[in-house]
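Reader: I've got a fold open on my screen and I'd like to learn how to read it. Can you walk me through a few features?

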Amino acid sequence: PTLIDACRYYFERTGREVTIEYVLLAAINDNPSQAHALVEVARRMRANVNLISFNAVDGLPYARPQDATVRQILIPHLLTPLSLLSFSFFFALYQDG
């Protein structure tokens, strides 16, 4: 069994949806194709999705995606009528510097 199978089984047994915590990383998983893949996985699992924009950490090679990228590119792909998913969005209100 896969993790997706286990999550589906959990939902069938309990009626409770699983929540995916998805951290958005600039130029890694913040593009429309990744959004579509996320929708497919979440749909198969009957999951809610929390999108979390990464906050930069000194010494790590990752960056926060531009808020405009998230608002203008990702969210419209995630919230199509066909997605039928529950999404929430968390944008940190501060950045160092």
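Reader: Let's start with a single side chain: is phenylalanine 54 buried or exposed?

Author: Keep in mind that this is a predicted model. Phenylalanine 54 has a relative accessible area of 13%, and since anything under 20% counts as buried, phenylalanine 54 is buried.

Reader: Which aromatic pair does phenylalanine 54 form, and how do I describe it?

Author: You describe a pair of aromatic rings by the distance of the centres and the angle of the planes. Searching the whole structure turns up one aromatic pair. Its partners are phenylalanine 54 and tyrosine 62, sitting edge-to-face at 6.1 Å centre to centre with 80 degrees between the planes. Tyrosine 62 is partly exposed, at 37% relative accessibility.

Reader: On to helices. Which residues of H1 are buried?

Author: An α-helix has 3.6 residues a turn, so residues three or four places apart point the same way. In H1, the buried ones are Ile4, Cys7 and Phe11. They cover an arc of only 65 degrees around the axis, so they lie on the same side of H1. Turned away from that buried side is a face carrying Glu12 and Arg13, which are exposed.

Reader: And what about arginine 8, how accessible is it?

Author: Arginine 8 is also in H1, and its 30% relative accessibility makes it partly exposed. Here's a nice sequence-versus-space example: arginine 8 and arginine 44 are 36 residues apart in sequence, yet their C-alpha atoms are 7.4 Å apart in space.

Reader: What do S1, H2 and S2 make together?

Author: They make a right-handed β-α-β unit, with S1 at residues 18–24, and H2 (32–45) leading the path to S2. The two strands pair in the parallel sense over seven bridges. If you want a spot to click on, glutamate 21 stands opposite asparagine 50 in S2.

Reader: Why is S2 largely enclosed by the rest of the structure?

Author: Count its buried residues: five of the seven in S2 (residues 47–53) are buried, so the rest of the structure largely encloses that strand.

Reader: Last one: which residues touch the most other members of the largest nonpolar core?

Author: In soluble globular proteins, nonpolar side chains tend to be buried together. Here the largest nonpolar core has 16 residues, and Ile20, Tyr22, Met45 and Val49 touch the most other members. H1, S1, H2, S2 and H3 (67–78) each supply at least two residues of this core.

Definitions and conventions
Residues numbered from 1 in each chain as written. Predicted model: local features only at pLDDT ≥ 70, side-chain atom pairs only at ≥ 80, totals over all residues. Heavy atoms only, no water. Buried < 20%, exposed > 50% of the residue type's maximum accessible area, 1.4 Å probe, protein only. Helix = DSSP H or I, 4+ residues; strand = E, 2+ residues; numbered from the N terminus. Pairing = 2+ DSSP bridges. Right-handed = clockwise from strand over helix to strand, strands pointing away. Phe/Tyr/Trp six-rings, centres within 6.5 Å; stacked < 30°, edge-to-face > 60°. Core = buried A, V, L, I, M, F, W, Y, C linked by side-chain atoms within 4.5 Å. Arc of directions from axis to C-beta.
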